[in-house]
Amino acid sequence: MTFLFRDAAGGALCPRGSVVCIGAFDGLHQGHRALVGRAVERARALGVAAVALSFEPLPRELFAKGAPPPRLMLPRAKLERLCALGCDGVGLLRFDAALAAMSAEDFVRQLLVARLRVREVWVGPGFHFGRGRAGDIALLRALGGECGFAAHEIAPVRVDGERVSSTATRAALASGDFTRAARLLGRPYAIGGRVVRGQQLGRTLGYPTANLRYGGKTPALRGIFATWVHGVGERPWPSVSSFGTRPTVDGQEPLLEAHLFDFEGDLYGRRIEVEFVAHLRDEEKFPDLPSLVAQMHRDEAQARAILQDDAPSGATAAVQSCRA
């Protein structure tokens, strides 16, 4: 069982030692997975715990409250994927004013050494940490010499000649290039969560939706999309989804609304995952609800056609039955 911790201070969590990897891990793209994989491999070789250290909120979210950066992944999804990659422990450290003010040296001595009994630390290229981002791989190696651990930096990961990064992934999603995003991530881009009740306006318009909130974070993409919904049946379910603030009805909070074609059933409370296939159009404000419904009909027809050509294994029949 993976253990989760949120604080830098506290008692020892890994009395037998650990191998630690550190990063924002937003999106857990192929570069992140290479870093975590190396740490897990080394932990298994040494017979100690593999621990991933990250932050919630991300540092950039704390320092840019007025314009927080887009997030690729919510905290729960990050935790689940880190566990799936083999981590024995995950630290989603509360990044607040106190942690931001902690010196790099104190971070190493109090958290890595005293709390995690670190044997090896692994970081990505250009990693910085601590107050004023003063800590780097050189400082980690110097302190490792004093405290008895080794520090390593992995090489950049490239896909089709492009360096993999969260920034590049956000750019791909913002431009609607889901093929490029999938190459960088190593999987199709998807957002998961528990279905919540909305205003049920879509139901009155003939377009009931499964709604997912985005936890107060800023999404990396907005608009109307052709999507597959996972977690509803044995195969992905074809759908058209809106992700935004619903300007026609004066919405405020970003909401992911998936309309599953010809679906009958109650999804409230169920955990689903919405996989993005194609960007249909940007979100826009319509003069009235009939104009909105007319556009929704066009969006549905376009999404059906796209998904018919994109259908993953086992899903073609579902699209065809929806078109009947």
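On a 1 Å grid laid over the protein atoms alone, a pocket is an open set of points with protein on both sides within 12 Å along at least five of seven lines, and its lining residues have an atom within 4 Å of a point. The structure is a predicted model, in which local features need pLDDT of at least 70 and side-chain atom pairs count only at pLDDT 80 or more, whereas totals for chains, interfaces and linings use all residues. Residues are numbered from 1 along each chain as its sequence is written, and side-chain values use heavy atoms, without hydrogens and water.

The largest pocket has a volume (the space filled by probe spheres set on the grid points) of about 1,100 Å³. Its lining comprises 39 residues, of which Gly23, Ala24, Phe127, His128 and Arg133 lie nearest the centre. By class, 22 of the lining residues are nonpolar, 12 polar and 5 charged, with Gly counted as polar. At least two lining residues come from each of the helices (DSSP runs of H or I, at least four residues) α1 (30–46), α2 (59–63), α4 (97–101) and α7 (166–174).

An open sheet of 6 strands (runs of E, at least two residues) shows antiparallel pairing (at least two DSSP bridges between two strands) in the order β9-β14-β11-β12-β13-β10. Its edge strands, β9 (190–194) and β10 (210–213), each pair on one side only. Strands β11 (residues 223–230) and β12 (residues 237–244) run antiparallel and are joined by 7 bridges; Val229 has Trp237 in β12 as its bridge partner. Helix α10 (residues 289–310) packs on the sheet, touching (heavy atoms within 4.5 Å) β11, β12 and β14 (271–281).

How values were computed: Axes fitted to C-alpha atoms, helices over the stretch in contact; angles between N-to-C directions. 1 Å grid on protein atoms, 1.4 Å probe; cavity = no way out; pocket = protein on both sides within 12 Å on 5 of 7 lines; lining within 4 Å.
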